[in-house]
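Reader: I am in my first year and would like a close look at one part of this model. Please take the chain that touches two others, and go through its contacts slowly.

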Amino acid sequence: MDRREMEISRREFFQKAALSGTLLFIIGPKVKDSVAQVTESGETITHHYAMGIQVDKCIGCGRCVNGCKIENNVPREPFFYRTWIERYVITVDGDVVVDSPDGGISGFPETKEKDAILRSFFIPKLCNHCANPPCVQVCPVGATFSTEEGVVLVDKDYCIGCRYCIQACPYGARFLNPETKTADKCTFCYHRLAKGLVPACVEVCPTRARIFGEIGVRSSQLTRFMRFNELQVLKPDLNTEPRVFYANLDGAVK
Amino acid sequence: MDKLIEQLQHNLSQVVGFIYPNEIELHWGILVVVYPYITGLVAGAFILASLERVFNVKEIMPTYRLALLTALSFLIVAPLPLLLHLGHPERSFEIMITPHLQSAMAMFGFVYIWYLMMVLVLEIWFEYREDLGRWARSGKGWKKYLHYLLTLGSLDHSEKSLRFDHKAVTFITIVGIPSAFLLHGYVGFIFGSIKANPWWSSVLMPIVFLFSAIVSGIALMILVYGLSTLIRGKSIDMACMNKLASYLLYVLIIDLSLETLDFIHRVYESVESINIMGQLISQKLFISLIVVQLLLGTLAPISLLVLSKFLRLPDELKRLLFFLSAILVQIGIFSTRWNVVIGGQLFSKSLRGLTNYKMELLGLEGLLIAIGLLVLPFIILTVMVKILPPWKDQKPAVS
Amino acid sequence: MDIIRKIWNALPFPDQTKRLLIIFVFFITGWLVVRHHLVPPTFGQRGYYRAAAVDSIAALPISFVGQSQCVECHVDEGAVKTASYHRDVSCEVCHGPGAKHLDDPSANSLLPAKERTLCTVCHSYTASKPTGFPQIEPLTHNPADPCIKCHNPHDPKPPTTPSACGACHGEIARTKSVSHHASLECTFCHQTQELHKISPRAAIPGKPANRDFCGGCHSRSADSPKEIPRVDMDSHGDGHLCWQCHYPHYPEAL
């Protein structure tokens with residue numbers, strides 16, 4: 001049993017213990033064990049989708065933000081993002097200046113601190129599809145959940161709009177969709193994955209800064225990316241176990 | 001939607017530093033401030049009522065039934081602010097039929113029903129059963145039938161039966177104290193368990209909520225008992241008032257110590273979030289936290305209560321000081337809830353910036369609705385007092 | 001009726017509790033009935049959520065069809081682009097989402113992609129973009145002309161090979177231009193093959209290898225103009241390489 005499996009089974013153990021520990025479990029609907037996909041030849045396939053981000057390839061053009069809004073009918077107004085780009089400017093004085101004008105959807109203007117830059121770079125952000133998602137934990141009705149492939153989704157026909165998940169997400173990846181009045185966020189373009197396509201942001205990224213794939217599949221771009229880079233996730237101390245991995249992530253990024 | 005966008009544009013212009021682009025909309029507004037404030041009053045009023053039953057504090061006997069009815073009135077209103085703030089109130093039943101057991105919020109339905117049905121309503125029913133039967137027999141008009149309906153036909157007034165009522169009330173009260181702790185500790189847990197938010201995430205949160213709840217409940221009963229007695233033209237029982245004021249003082253001191261402990265702990269540990277927390281307090285929460293919550297809502301009433309306890313003051317002046325303290329405490333506790341709920345959303349989870357909350361006046365999540373929700377329990381209480389008169393010194397009007 | 005009365009009296013608890021019990025049984029039964037009817041049919045099938053939600057999300061329509069779909073018809077453009085710098089830039093980045101066009105090509109044409117802004121969103125200069133990414137200053141770089149007048153977007157080789165390194169290495173060129181090294185040609189330190197201008201990564205320019213290279217101008221004994229600052233190469237810098245402390249493109253910086 002490798003470390004990852006051990007961690008997962010330990011989490012399951014705690015979850016089950018917490019479940020059975022409460023007398024209330026009798027009144028919840030009966031939950032079957034999740035079923036993995038089974039092919040015709042009887043082989044079981046469990047996908048574990050993940051995304052890799054090569055920070056030093058991002059040029060901050062915002063095509064991903066734009067593409068995401070088109071693909072997923074995200075309201076065009078500049079307050080609702082399933083993905084967005086942040087620009088970090090670290091000055092020679094050590095100040096960290098971050099901005100994300102309109103989520104970076106139209107690119108970035110020249111920075112104001114241009115005379116005193118020590119380092120500067122762009123960081124694409126999106127839902128981290130955590131293996132240990134705090135948003136799923138707090139949803140009172142089971143309207144947000146991890147699928148068997150590890151994608152965290154929102155059921156917009158079941159969400160009551162309490163916004164507890166928005167409070168619980170450490171990454172600001174969720175928003176309340178003003179049209180549906182329900183929680184909304186990146187789905188890894190689940191509808192595209194189902195059709196064998198990559199997420200829209202990955203499709204339109206002109207510099208291959210985003211790499212999409214499955215964890216544990218040999219000879220894939222993602223596996224290669226994970227093999228040859230030193231990887232970091234956002235806010236690792238919160239133990240959310242993100243499935244969006246960053247290469248060359250600066251410590252200033254939160 | 002246009003109105004929302006306009007409001008978000010305004011918020012955007014108020015942002016200091018950097019916040020995540022999705023954080024411009026502040027999600028929990030004034031209604032979510034009202035909710036823990038009201039449940040706090042419920043828990044506090046009930047715990048006060050329990051003192052008389054379980055610990056035999058005879059002085060506060062005059063407030064016992066009144067406290068139960070007050071708790072019930074506020075408990076009936078408690079879910080309304082939550083309901084009104086939902087994106088889809090029509091789906092709220094889902095929390096009862098598919099409660100997600102890992103979610104603190106899903107427990108709301110159970111905690112609420114348990115507290116409403118198993119504790120408050122049952123205790124009130126056993127407490128009033130004898131009177132209800134009497135009123136049903138001797139009353140006139142529609143009230144007679146209402147009282148009869150409320151007895152559920154249980155008109156046995158034998159000594160054995162009444163002794164059972166009394167035992168039941170005591171038993172329920174004993175169960176009720178942990179339940180009241182659960183009710184409000186649970187509300188604190190809803191905030192305290194959010195690890196993404198350093199302002200909320202604290203093990204002390206449920207305990208601080210609980211003690212501030214008891215503070216607000218006792219202060220409420222000083223006001224309700226005092227005012228209702230004055231309205232009825234009776235004289236206020238000063239022994240009762242003194243006792244209530246002493247309890248208020250003690251719990252206020254415990255509450256202040258806990259909050260101070262939390263504060264010192266945060267400053268001493270001085271983790272990553274301390275800088276933005278400092279900015280939050282000095283820029284956004286200075287008035288509501290330092291001035292209103294701490295000075296006006298905690299230190300001022302403590303001083304007033306200490307004065308009235310140690311100086312030999314005439315009863316009239318004492319009463320005035322008690323009332324003043326109780327009002328200040330209410331303002332302070334409302335501020336406490338505000339500082340937790342709104343304060344926790346005024347800084348970015350990137351810990352790099354502050355945003356803004358602009359309260360609506362009208363609208364479903366506006367100030368007027370919030371005020372309405374705070375007045376509503378008093379209307380319910382007035383009706384309830386008419387149906388179930390809590391005074392021992394007065395026969396119900398019908399007899 | 002008598003039987004009920006007998007049973008009622010025979011139950012061994014006080015009268016009050018029996019009556020309350022009826023009310024509680026009534027409420028709990030009501031709740032169970034309501035719950036039975038209102039829990040969605042697919043809830044709990046795969047986990048604590050509505051399984052039907054996953055299917056409805058998977059069935060959402062797509063907007064971006066992906067490059068492989070485009071080149072099936074647009075073979076020539078595809079062939080040119082695949083061999084060019086823009087091979088990673090998906091067709092739909094510039095031409096817009098193609099799902100409708102794919103359904104009915106004649107009725108839904110895509111954007112011709114001629115505006116300058118389509119190019120400048122990536123290629124305008126900001127200090128935060130990674131070094132080596134080709135950037136121009138839109139205000140000074142032929143501001144009146146559309147980009148496609150000189151550059152074929154499917155094969156954006158510069159019309160002439162860049163006359164100066166600053167065309168791609170804008171950030172370095174800017175820094176150097178205000179430094180004491182402004183008058184030095186880039187090639188003074190970096191041996192650059194012609195091939196680098198066409199295929200940058202196939203021929204990486206050279207860099208100075210040792211202290212003596214800098215000493216050529218800066219050592220006590222160097223045969224260079226008097227204004228140039230001199231150091232004692234034997235004692236200065238403790239044997240470290242010059243560029244471990246000095247940034248050659250801006251040597252006066254701390």
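Author: What follows goes through the contacts of chain A, with chain C and then with chain B.

This is a predicted model, in which local features need pLDDT of at least 70 and side-chain atom pairs count only at pLDDT 80 or more, while totals for chains, interfaces and linings use all residues. Residues are numbered from 1 along each chain as its sequence is written, chains are lettered from A and ligands numbered from 1 in the order in which they are written, and side-chain values use heavy atoms, with hydrogens and water left out.

Confidence comes before contacts. The score is pLDDT, the predictor's confidence in each residue, from 0 to 100. Chain A has a mean pLDDT of 86, with 81% of its residues at 70 or more. Residues 20–36 of chain A stay under 50, and the model gives this stretch 32 contacts beyond four places in sequence. Where pLDDT is low, the predicted coordinates should not be read in detail. Chain B averages 92, and 98% of its residues score at least 70. In chain B, pLDDT stays under 50 over residues 394–399, which have 6 contacts beyond four places in sequence.

Now the side of chain A that faces chain C. Contact means heavy atoms within 4.5 Å, and by that rule 52 residues of chain A meet 41 residues of chain C. The two chains bury about 3800 Å² between them, 64% of it on carbon and sulfur atoms; buried area is the accessible area (1.4 Å probe) that two parts lose on being put together, summed over both. Between chain A and chain C there are 3 salt bridges, a salt bridge being a side-chain nitrogen of Lys or Arg within 4 Å of a carboxyl oxygen of Asp or Glu. A:Arg208 forms a salt bridge with C:Asp88, with 3.4 Å between the closest N and O atoms. Among the elements of chain A that give two or more residues to this side are α2 (63–72), β4 (83–91) and β6 (117–126). Helices (H or I, at least four residues) and strands (E, at least two) are DSSP runs, numbered from the N terminus. By class, this side of chain A has 26 nonpolar, 11 polar and 15 charged residues. Here Ala, Val, Leu, Ile, Met, Phe, Trp, Tyr, Cys and Pro count as nonpolar, Asp, Glu, Lys and Arg as charged, and the others, Gly among them, as polar.

The contact between chain B and chain A takes 46 residues from chain B and 60 residues from chain A. Chain B and chain A bury about 4600 Å² between them, with 59% on carbon and sulfur atoms. B:Asn22, B:Lys195 and B:Arg352 lose the most area to chain A within chain B, together 15% of what that side buries. The count of salt bridges between chain B and chain A is 2. A:Lys254 and B:Glu272 join their side chains in a salt bridge of 3.6 Å, N to O. On the chain B side, α1 (2–14), α5 (94–97) and α6 (107–138) each supply at least two residues. Of the elements of chain B, α1(B) gives the most to the side that touches chain A, with 5 residues. The residues of that side divide into 24 nonpolar, 14 polar and 8 charged.
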